[in-house]
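Here is a short tour of a protein model, written to be read with the structure open beside it. Feel free to rotate the view as you go.

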Amino acid sequence: MQKRRLGQGGPMVGAVALGTMNFVGTYGETTPDDALRCMEACLEMGVDHLDTSNVYGMGRAEELLSRFLQTRRDRVVLASKCGITRNPEHPFDNSPDHMRQALEGSLRRLGVEHIDLYYLHRHEPGRPIEEVMQTLLRFRDEGKIGAIGLSEIAPGTLERALSAGPVAAVQSEYSLWTRQPELGILQGCARAGAALVAFSPVGRGVFGDTPPDPNAFADRDLRQGMPRFAPENWPRNLARLAKFADYARDHGHSPAALAIAWVLSRGDHVIALPGSRSIAHMRQNAEGAAIGLTHAQLAEIETILPVGWAHGARYGEAMSRGPQAYC
């Protein structure tokens, strides 16, 4: 596994990380034992950066991760998040009291005294990011967190946050399926020496060996509310995805590995953050870190999946409330 730096002066971590949201029913059910086996296999692959949040399964993901960390804490770079409430009337809360409560809860559930990278999961509209940074900086000075991260923010928010203190990482959805970070966050992170942690680099599963069937989505599947999987859009998207899958296999790669390789080609400050319940799928994801793409191959991929190719919006109305819009 190739290594990349997690922010300016930060630790070296595997270029492919592991997100834990999939372990708590977001895309289907799994058992705790299967999740623990997947995490163990990932660590042996060199996937040593594990990402979670206090709202994944309403704390269940952190509790599950604590079992894994009991004997492996020194081998893992740990990230968690705060700022989402799951309260429809007040979905985001970046107040010092709420963030303090969230951090203490995460530390307790994880069974640790220190979180290596702590993200603001969503920025609360109307609350200055400089104020929020002061809260995070206090957590850092207290030794409860190591580095500060921000998630789903606009380039202007990053610029303002940097005026208050260092930002080690920005987490944004980024893949051949969703390329908005190219409109400023990708470049802003590079200028700041921050890592861009690209979540959903295999496009919500669309770059898997077998593309998902929207008709088979479980009731709790997050993709139910995503317009790209709607009947008027999915057949068109599926046709493009089939061409990419054929191209990947013609070059001896799985579609997932090639999709990860493309994300990592965007800059040496980019880290891919897939989530999976499957050891076999994570092996494909990890293989992407070993693929070097030529300029010719990148151009061919761009022809198959040009920027803006996907039919339908990334999120529906409800899910669009948190990520900051820009450009």
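The notes below cover the sheet, a helix, a loop residue and a pocket.

## The sheet

Please keep in mind that this is a predicted model. A good place to start is the open sheet, in which 8 strands follow the order E3-E4-E5-E6-E7-E8-E9-E10 with parallel pairing. Its edge strands are E3 (18-19) and E10, each of which pairs on one side only. As general background, strands of a sheet pair through backbone hydrogen bonds, and the pairing can be parallel or antiparallel.

At one edge, E3 pairs with strand E4 (residues 49-51) in the parallel sense over 2 bridges. Here you will find Leu18 opposite Leu50 of E4. At the other edge, E10 pairs with strand E9 (residues 195-199), again in the parallel sense, over 4 bridges, and Phe199 stands opposite Leu273 in E10.

Which way do the side chains of E10 (residues 270-273) point? Val270 and Ala272 point one way, while Ile271 and Leu273 point the other way. All of these residues are buried.

## An enclosed helix

Next, have a look at helix H2 (residues 60-69). Of its 10 residues, 7 are buried, so the helix is largely enclosed by the rest of the structure. The buried residues are Ala61, Glu62, Leu64, Leu65, Ser66, Phe68 and Leu69.

What covers these buried residues of H2? The cover includes helix H1 (32-45) and H3, together with the strands E4 and E5. E4 and E5 also belong to the sheet described above.

## Thr85 in its loop

Thr85 sits in the loop between strand E5 (77-82) and helix H3 (96-110). Its side chain reaches two backbone atoms: the nitrogen of Asn87 at 3.0 Å and the oxygen of His90 at 2.5 Å.

Leaving aside residues up to four places away in sequence, Thr85 touches His90, Pro91, Phe92, Asp93 and His98. His90 therefore appears twice if you inspect this spot, as a residue touched by Thr85 and as the owner of the backbone oxygen that the Thr85 side chain reaches.

## The second largest pocket

Finally, turn to the second largest pocket, whose volume is about 340 Å³. How many residues line this pocket? There are 18, and those nearest the pocket centre are Thr178, Arg179, Gln180, Arg228 and Arg314.

By type, the lining of the second largest pocket divides into 10 nonpolar, 5 polar and 3 charged residues.

Terms used: Residues are numbered from 1 along each chain as its sequence is written. This is a predicted model: local features need pLDDT of at least 70, side-chain atom pairs count only at pLDDT 80 or more; totals for chains, interfaces and linings use all residues. Side-chain values use heavy atoms; hydrogens and water are left out. On a 1 Å grid over the protein atoms alone, a cavity is a set of points where a 1.4 Å probe fits but cannot get out, and a pocket is an open set with protein on both sides within 12 Å along at least five of seven lines; lining residues have an atom within 4 Å of a point. Grid points are joined across faces, edges and corners, and a volume is the space filled by probe spheres set on the points. Ala, Val, Leu, Ile, Met, Phe, Trp, Tyr, Cys and Pro count as nonpolar, Asp, Glu, Lys and Arg as charged, and the others, Gly among them, as polar. A polar contact is a pair of N or O atoms within 3.5 Å; within protein, one must be able to donate a hydrogen and the other to accept it, and residues adjacent in sequence count only if both atoms are side-chain atoms. Contact means heavy atoms within 4.5 Å. Buried means under 20% relative accessible area, exposed over 50%, partly exposed in between (1.4 Å probe, protein chains only). Two strands pair if DSSP finds at least two bridges between them.
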